[in-house]
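Reader: I am new to this structure and would like to be taken through it. Could you begin with the terms and then move on to the fold?

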Amino acid sequence: MSLRHVLLVYLGSGGAAGYDIVKGFQHTYGYLWNASFQQIYRDLAKLHKDGLLDCETVDNAPRPPRKVYHLNQAGWQAMQEWLAKPIAVPRLNDGFMVKVAAMHLQDPDTLATELNQLREHYRRTLEHLYRKRAVFESLPATVLSKFMGVFLTLKRGIRLAETWLEWAEEVDKVLAAREWQHITPEEVRVFLDTLQGDGLPQPDSSEPVARKGTARRKKSDDASRKE
């Protein structure tokens, strides 16, 4: 999964000039995939070079000519192949969550400051998404129904931001209580022993694959029993 796949999907609905792609991308897929203007222009050029996009120069007098990109047959096929391929389950790597988990090892005021900074970020994000939702809801029902997939991703983004802000309130309460500042070695032992001995498999765990040598020995043992 990369920016080029997102651009192929964007152009799947019709061709557009580079600037219009950049602007439209920010309003449709920008909250799903972070990309700078430079990255978008760079990948458009690569897609064209790879033969997945056609590009025509259109007169734009008195301004400079515009390059209009269109998805060609090869690009359409590449997009369909990507859409048909299952996406790997996203892995969570969140540094701030690690800091919260290590709450008992750090200065609570420092953690609270960072929490407030992130809270402000999510508040601004949520306000933006609310405004975007209002724009979607202003569309004629017949148009919105054709693009419900985009609208559903927006609604998911709203729920994620709302949930994060609710969770932050809970973190605030725990930070204020500060009941975790004086942990005894015995409490550490009980905590670790309980978690490590819960017997629960990891979410992505599976049965180990038998080694080739083990498989050969098993076949040999089975053959011996038959004899």
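Author: Helices (H or I, at least four residues) and strands (E, at least two) are DSSP runs, numbered from the N terminus. Read along the sequence, the chain then follows the pattern α-β-α-α-β-β-α-α-α-α-α-α-α. This is a predicted model, in which local features need pLDDT of at least 70 and side-chain atom pairs count only at pLDDT 80 or more, while totals for chains, interfaces and linings use all residues. Residues are numbered from 1 along each chain as its sequence is written, and side-chain values use heavy atoms, with hydrogens and water left out.

Reader: How many helices and strands does the secondary structure of the chain come to?

Author: There are 10 helices and 3 strands.

Reader: What order do the strands of the sheet have?

Author: The order is β1-β3-β2, in an open sheet with antiparallel pairing. Two strands pair if DSSP finds at least two bridges between them. The edge strands, each pairing on one side only, are β1 (16-17) and β2 (53-58).

Reader: How many bridges join β1 to β3, and how many join β2 to β3?

Author: β1 is joined to β3 (residues 66-71) by 2 bridges, and β2 pairs with β3 over 6 bridges. Both pairings are antiparallel. In general, strands of a sheet pair through backbone hydrogen bonds, either parallel or antiparallel.

Reader: Which residues stand opposite one another?

Author: From β1, A16 has Y69 of β3 as its bridge partner, and A17 stands opposite V68 in β3. From β2, C55 also stands opposite Y69 in β3.

Reader: Which helix packs on the sheet?

Author: Helix α1 (residues 3-11) does, touching β1, β2 and β3. Its direction makes about 90 degrees with that of β3. Axes are lines fitted to C-alpha atoms, for helices over the stretch in contact, and angles run from 0 to 180 degrees between N-to-C directions. Contact means heavy atoms within 4.5 Å.

Reader: Let us stay with β2 for a moment. Is T57 buried or exposed?

Author: T57, in strand β2, counts as exposed because its relative accessibility is 58%. Buried means under 20% relative accessible area, exposed over 50%, and partly exposed in between (1.4 Å probe, protein chains only). T57 touches P65 and R66, not counting residues up to four places away in sequence. The C-alpha atoms of T57 and V68 are separated by 6.3 Å, with the two residues 11 residues apart along the chain.

Reader: Now the interior, please. How many residues has the largest nonpolar core?

Author: The largest nonpolar core has 21 residues, and I21 and I40 have the most contacts inside it. Such a core is a set of buried Ala, Val, Leu, Ile, Met, Phe, Trp, Tyr and Cys residues joined through side-chain atoms within 4.5 Å. At least two residues of this core come from each of α1, α2 (18-28), α3 (37-49), β3 and α4 (73-84). α1 gives the most, with 6 residues.

Reader: What does I40 touch?

Author: Leaving aside residues up to four places away in sequence, I40 touches L3, L7, I21, V22, F25, Q26 and A35. Apart from this core lies another, of 20 residues, among them I158, W164, A168 and V171.

Reader: Which residues of α2 are buried?

Author: In α2, the buried residues are G18, I21, V22, G24 and F25. They pack against α1, β1, α3 and β3.

Reader: Changing topic, how many aromatic pairs are there?

Author: The structure holds 5. One of them, F96 with W167, is edge-to-face: 6.3 Å centre to centre, with 85 degrees between the planes. Rings of Phe, Tyr and Trp (its six-membered ring) pair if their centres lie within 6.5 Å; planes under 30 degrees apart count as stacked, over 60 as edge-to-face and the rest as tilted. This pair links distant parts of the chain, with F96 in helix α5 (residues 95-101) and W167 in helix α8 (residues 148-177), 71 residues apart.

Reader: Why is the pair of Y122 and W164 stacked?

Author: Their ring centres are 4.3 Å apart and their planes are at 15 degrees, so the pair counts as stacked. Y122 lies in helix α6 (residues 108-137) and W164 in helix α8, 42 residues apart. W164 is buried, at 10% relative accessible area, whereas Y122 is partly exposed, at 24%. Ring pairs link F96, Y122, W164 and W167 into a cluster.
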